[in-house]
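This report describes one protein chain and its ligand. Please keep the sequence and the 3D view open while reading.

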Amino acid sequence: MSEDNEFAPDVCVVGAGPAGLLAALLLGRRGRRVTVVERRPDPGGAAPAAGGSVMVQPVTLGLLEQAGLLGAASAGAGRLLGAQAYFGGRLAGRYRYEELADCPVPYALSLRPGALIDGMLAELAELPDVRMVWGAEVEELGGPRGGTRSLTVRTPAGSREYHPAYLLAADGRNSAVRELAGIAAEVTASGGAYLDAGVPIPPDWDELTRAHFGSHGYLLETRRGEDGLVIVWITDAATAAGVLDGPVEGLVKVWSDVVPRLGPWLAQHITDWDQVRRVQHHSVRAETWTSGNVVLLGDSAHGMHAFAGQGMNTSLQDAVCLAEAVDDALNGHGPHGLDEFERVRRPYIESLQALQATNTPASAAQAAPERERAPEFEVLALGQPDIRPLLARAMANQPRSGGHTNH
Ligand SMILES: Cc1cc2nc3c(=O)[nH]c(=O)nc-3n(C[C@H](O)[C@H](O)[C@H](O)COP(=O)(O)OP(=O)(O)OC[C@H]3O[C@@H](n4cnc5c(N)ncnc54)[C@H](O)[C@@H]3O)c2cc1C
């Protein structure tokens with residue numbers, strides 16, 4: 001990018017998390033001049049929100065494969081071949097990805113976000129018109145609310161002011177850009193409790209996720225990366241408090257009662273509260289996802305609870321659709337694609353957040369029946385039905401290497 005263009009790129013992306021980097025990559029490959037600003041001091045900085053591992057579904061893996069990122073995403077990742085759902089201890093459904101029609105890959109991955117991000121950064125480094133600015137903290141937005149906004153960031157080398165045609169806010173659930181743009185958002189703390197603990201993979205484990213819905217709440221047995229198993233327990237706050245007050249053996253007993261098969265293994269490997277992680281989740285509902293030239297992407301638009309593992313999946317899918325819509329707008333077709341994306345996407349996201357809320361009540365008395373709490377396997381695996389054509393079109397229009405398309 002020439003010096004002249006440095007401060008007036010086509011697109012500024014705030015946030016080098018998975019969503020921001022994928023959008024930057026897809027726009028950069030279309031020949032767009034993109035500047036990514038990130039508060040982390042360097043590419044090796046802290047991993048994004050989920051830390052250890054995230055479960056990424058076949059629909060999203062298919063997008064990563066088409067973007068040439070599946071190899072990077074697979075480094076240190078572990079495969080999952082399907083899932084079983086249990087209601088009150090009884091098997092209620094069994095599913096395998098290979099049995100789904102049009103499943104892009106016959107597995108999900110428990111992957112390390114850091115590996116995916118490293119792969120995206122390596123691809124971005126190949127694009128001459130994409131610039132990364134590390135150690136950059138959002139300071140202010142100039143211009144009228146709802147109009148064309150400029151962005152000022154503070155960097156170790158001083159303040160910089162950018163005048164992008166579009167400003168993508170991929171700066172996570174507490175998005176500073178969203179706030180400075182004057183976009184109101186409800187950020188709601190989950191009323192329930194989330195605890196997880198990792199153990200080694202037991203001998204003879206069959207690579208199936210098992211989701212147990214019952215009076216205990218929700219207990220998930222799934223993979224953590226290549227060689228770990230993780231137990232996730234989502235329950236009401238009062239039930240969790242009763243267990244958290246006692247020794248860790250009490251937690252192991254609750255989990256073993258739900259999954260007796262794993263009882264001895266859990267007792268052998270979970271012996272200290274330090275091995276148990278507690279996470280306070282939040283959901284975000286922004287009043288609009290586009291305001292003037294500011295577009296919210298990923299968690300900044302719709303951060304969500306980890307129940308059903310959809311935060312990163314939906315964020316990466318958003319990045320694909322929004323890169324296409326922004327490119328279209330830059331081609332002079334107006335913001336129609338951005339509005340259309342929100343119209344199609346928002347109802348699905350809000351119903352997912354509502355489902356998550358039914359699984360994370362403040363008290364057991366508010367818990368819904370098991371059948372009403374389970375997500376649909378096929379929709380998680382293949383994505384929101386209405387978004388599938390948008391994803392297919394966006395990836396079909398994607399050039400293999402740099403260069404404009406459809407201009
Ligand atoms: C415990 C846990 C488990 C999860 N499991 C799953 C799962 O299994 N599957 C799944 O799909 N999702 C999962 N998620 C959700 C997933 O991690 C997030 O949805 C995803 O990381 C969102 O990506 P993002 O790029 O939108 O935001 P983020 O990953 O939050 O990235 C935002 C980036 O913006 C930067 N930034 C923030 N503020 C500023 C600023 N002011 N200036 C400059 N830069 C800034 C941050 O440093 C960061 O790099 C889980 C989350 C948690 C907490």
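The sections below go from the whole chain to the ligand shell, two helices and two strand residues.

## Overall fold

The model is predicted. Its protein chain has 15 helices and 21 strands. The radius of gyration is 21 Å, close to the 22 Å that the globule rule gives for 407 residues, so the chain is as compact as a globular protein of that length. Along the principal axes, the C-alpha trace spans about 65 × 40 × 35 Å.

Of the 407 residues in the chain, 48% are buried. Taking contacts between residues at least 6 apart in sequence, 74% link residues at least 24 apart.

## Ligand shell

The ligand is surrounded by 33 residues, and the closest are G15, G17, G172, G298 and G311. Four elements, α2 (18–29), β3 (54–56), β9 (137–142) and α11, each give two or more residues to this shell. The largest share, 4 residues, comes from α11.

Sorted by class, the shell around the ligand holds 17 nonpolar, 10 polar and 6 charged residues.

## Helix α12

Helix α12 covers residues 336–358. At 1.5 Å a residue, its 23 residues should span 33 Å, and the end C-alpha atoms are 34 Å apart, which agrees. The helix nevertheless bends by about 35° at R345, and the proline P347 follows within four residues.

Which residues of α12 are buried? They are F341, E342, R345, I349, L352, L355 and Q356. R345, where the bend is placed, is thus also on the buried list. The cover over the buried residues of α12 includes the strands β19 (282–286) and β20 (290–291), together with the helices α10 (299–302) and α11 (311–333). Helix α11 also gives residues to the ligand shell.

## Helix α5

Helix α5 runs over residues 113–124. Its 12 residues should span 16 Å at 1.5 Å a residue; the end C-alpha atoms are 16 Å apart, in agreement.

The buried residues in α5 are P113, A115, L116, I117, G119, M120, E123 and L124. Among the elements covering them are the helices α2 and α4 (70–74) and the strands β3, β7 (108–111) and β8 (130–133). Of these, α2 and β3 also give residues to the shell around the ligand.

## Two strand residues: A193 and V187

A193 lies in strand β14, residues 193–200. Is A193 buried or exposed? With 23 other C-beta atoms within 10 Å, A193 is buried, because the cut-off for a buried residue is 20 or more. Not counting residues up to four places away in sequence, A193 touches T235, A237 and A240. E6 is 187 residues from A193 along the chain, and the C-alpha atoms of the two are separated by 46 Å.

V187 is found in strand β13, residues 185–189. V187 has 14 other C-beta atoms within 10 Å and is therefore partly exposed; a count of 12 or fewer would make a residue exposed. Leaving out residues up to four places away in sequence, V187 touches R173, H282 and V284. The C-alpha atoms of V187 and D227 are separated by 35 Å, with their positions 40 residues apart along the chain.

Notes
Residues are numbered from 1 along each chain as its sequence is written. This is a predicted model: local features need pLDDT of at least 70, side-chain atom pairs count only at pLDDT 80 or more; totals for chains, interfaces and linings use all residues. The expected span of a helix is 1.5 Å times one less than its number of residues. The bend at a residue is the angle between axes fitted to the seven residues ending there and the seven starting there. Two residues are in contact if their C-beta atoms, placed from the backbone, lie within 7 Å. A residue is near a molecule or strand if its C-beta atom, placed from the backbone, lies within 6 Å of it. Ala, Val, Leu, Ile, Met, Phe, Trp, Tyr, Cys and Pro count as nonpolar, Asp, Glu, Lys and Arg as charged, and the others, Gly among them, as polar. The radius of gyration is taken over C-alpha atoms; the globule rule is 2.2 Å times the number of residues to the power 0.38.
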